[in-house]
Amino acid sequence: MSEEKIVDVVNEALASAGIKDTVIAAGEFNPRGHSGAGFAGGLIGGDMGDSLGSLAGGIGTAAGYEAGTRSHDAASGLPERMVVGVSETTVYGFAGNRAHPKALAFRVPREGLEAKVHRRVNVRVLELIETESGSRIELEGMRLPITHSKDVIEELT
């Protein structure tokens with residue numbers, strides 16, 4: 001999906017939610033730690049399955065990855081997949097993927113918001129920090145261009 005199309009989809013989701021605003025950048029994110037939890041779960045599942053044979057090891061790896069990500073995401077309090085849109089004044093997070101944003105998960109004003117980015121091997125971690133209270137939303141965006149997480153990060157930093 002193109003950068004322009006994902007912005008259009010998020011603007012449609014805003015209109016459907018009755019929000020009169022226009023995003024200028026949008027991208028797909030997961031809760032911070034999503035990929036790490038999947039990696040750890042896959043290692044554990046693979047080790048357990050390997051004791052039964054290589055086919056079971058492969059199945060265990062896949063099941064462990066899925067269990068790790070689901071468990072972590074549930075504990076984070078954020079949706080497993082999110083589309084984050086940035087307008088001139090506000091950052092919006094919708095549950096769902098870049099093609100189908102669903103319910104509004106968060107809405108934070110950009111004024112008084114600090115964005116910190118930490119670069120990891122396969123993801124970029126984005127921290128949205130409300131400077132007065134220290135409250136934060138921690139996200140990770142895959143480095144794959146199709147997620148457009150880089151567009152959101154560039155707009156916020």
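**Exercises on strand S2 and its sheet**

S2 is mostly covered: six of its six residues are buried. Buried means under 20% relative accessible area, exposed over 50% and partly exposed in between (1.4 Å probe, protein chains only). Helices (H or I, at least four residues) and strands (E, at least two) are DSSP runs, numbered from the N terminus.

The model is predicted, so local features need pLDDT of at least 70, side-chain atom pairs count only at pLDDT 80 or more, and totals for chains, interfaces and linings use all residues. Residues are numbered from 1 along each chain as its sequence is written, and side-chain values use heavy atoms, with hydrogens and water left out.

**Exercise 1. Work out which residues of S2 point to each face, and whether the faces are buried or exposed.**

Step 1. Recall the rule: in a regular strand, side chains alternate between the two faces of the sheet.
Step 2. Sort the residues. One side holds Met82, Val84 and Val86. The other holds Val83, Gly85 and Ser87.
Step 3. Check burial. Every one of these residues is buried, and both faces of S2 are covered.

**Exercise 2. Give the strand order of the sheet and name its edge strands.**

Step 1. Read across the open sheet of seven strands: S4-S3-S2-S1-S7-S6-S5, with antiparallel pairing. Two strands pair if DSSP finds at least two bridges between them.
Step 2. Look for strands that pair on one side only. These edge strands are S4 (100-109) and S5 (113-119).
Step 3. Add the twist. Neighbouring strands are turned by 35° against each other on average, direction ignored. Axes are lines fitted to C-alpha atoms, for helices over the stretch in contact, and angles run from 0 to 180 degrees between N-to-C directions.

**Exercise 3. Find how many bridges S2 makes with S1 and with S3, and which residues stand opposite each other.**

Step 1. Take the S1 side. S1 and S2 run antiparallel and are joined by six bridges. Ala26 stands opposite Gly85.
Step 2. Take the S3 side. S2 (residues 82-87) and S3 (residues 90-97) are antiparallel, over five bridges. Val84 has Gly93 as its bridge partner, and Val83 faces Phe94.
Step 3. Trace the link. A hairpin of two residues connects S2 to S3.

**Exercise 4. Determine which helices lie on the sheet, and at what angle to S1.**

Step 1. Start with H1 (residues 3-16). This helix lies across S1 (23-31), S2, S3 and S4, at about 90° to S1.
Step 2. Move to H4 (residues 149-156). H4 packs on the sheet and touches S1, S2, S3, S5, S6 (123-130) and S7 (136-142). Its direction makes about 115° with that of S1. Contact means heavy atoms within 4.5 Å.

**Exercise 5. Describe the surroundings of Thr90: is this residue buried or exposed?**

Step 1. Place the residue. Thr90 is in strand S3.
Step 2. Apply the cut-off. Thr90 has 11% relative accessibility, so it counts as buried.
Step 3. List its contacts. Beyond neighbours within four places in sequence, Thr90 touches Asp21, Gly85, Arg107, Val108, Pro109 and Arg110.

**Exercise 6. Which parts of the chain do the salt bridges of Arg81 and Glu155 tie together?**

Step 1. Count. The whole structure has four salt bridges. Each is a side-chain nitrogen of Lys or Arg within 4 Å of a carboxyl oxygen of Asp or Glu.
Step 2. Take Arg81 and Glu28, at 2.7 Å from N to O. Arg81 lies in the loop between H3 (54-76) and S2, and Glu28 in S1, so the pair ties together parts 53 residues apart in sequence. Glu28 is buried at 7%, while Arg81 is partly exposed at 38%.
Step 3. Take Glu155 and Arg110, with the closest N and O atoms 3.4 Å apart. Glu155 is in H4 and Arg110 in the loop between S4 and S5, so this pair joins parts 45 residues apart in sequence.
Step 4. Contrast Lys150 and Glu154, at 3.9 Å from N to O. Both lie in H4, four residues apart, about one turn of the helix.

**Exercise 7. Decide where confidence in the protein is lowest and where it is highest.**

Step 1. Get the average. Mean pLDDT (the predictor's confidence in each residue, from 0 to 100) is 78, and 70% of residues reach 70 or more.
Step 2. Find the extremes. Helix H2 (residues 34-50) is lowest, at a mean of 52, and S2 is highest, at 93.
Step 3. Flag the weak stretch. Residues 36-41 have pLDDT below 50, and this stretch has ten contacts in the model beyond near neighbours in sequence.
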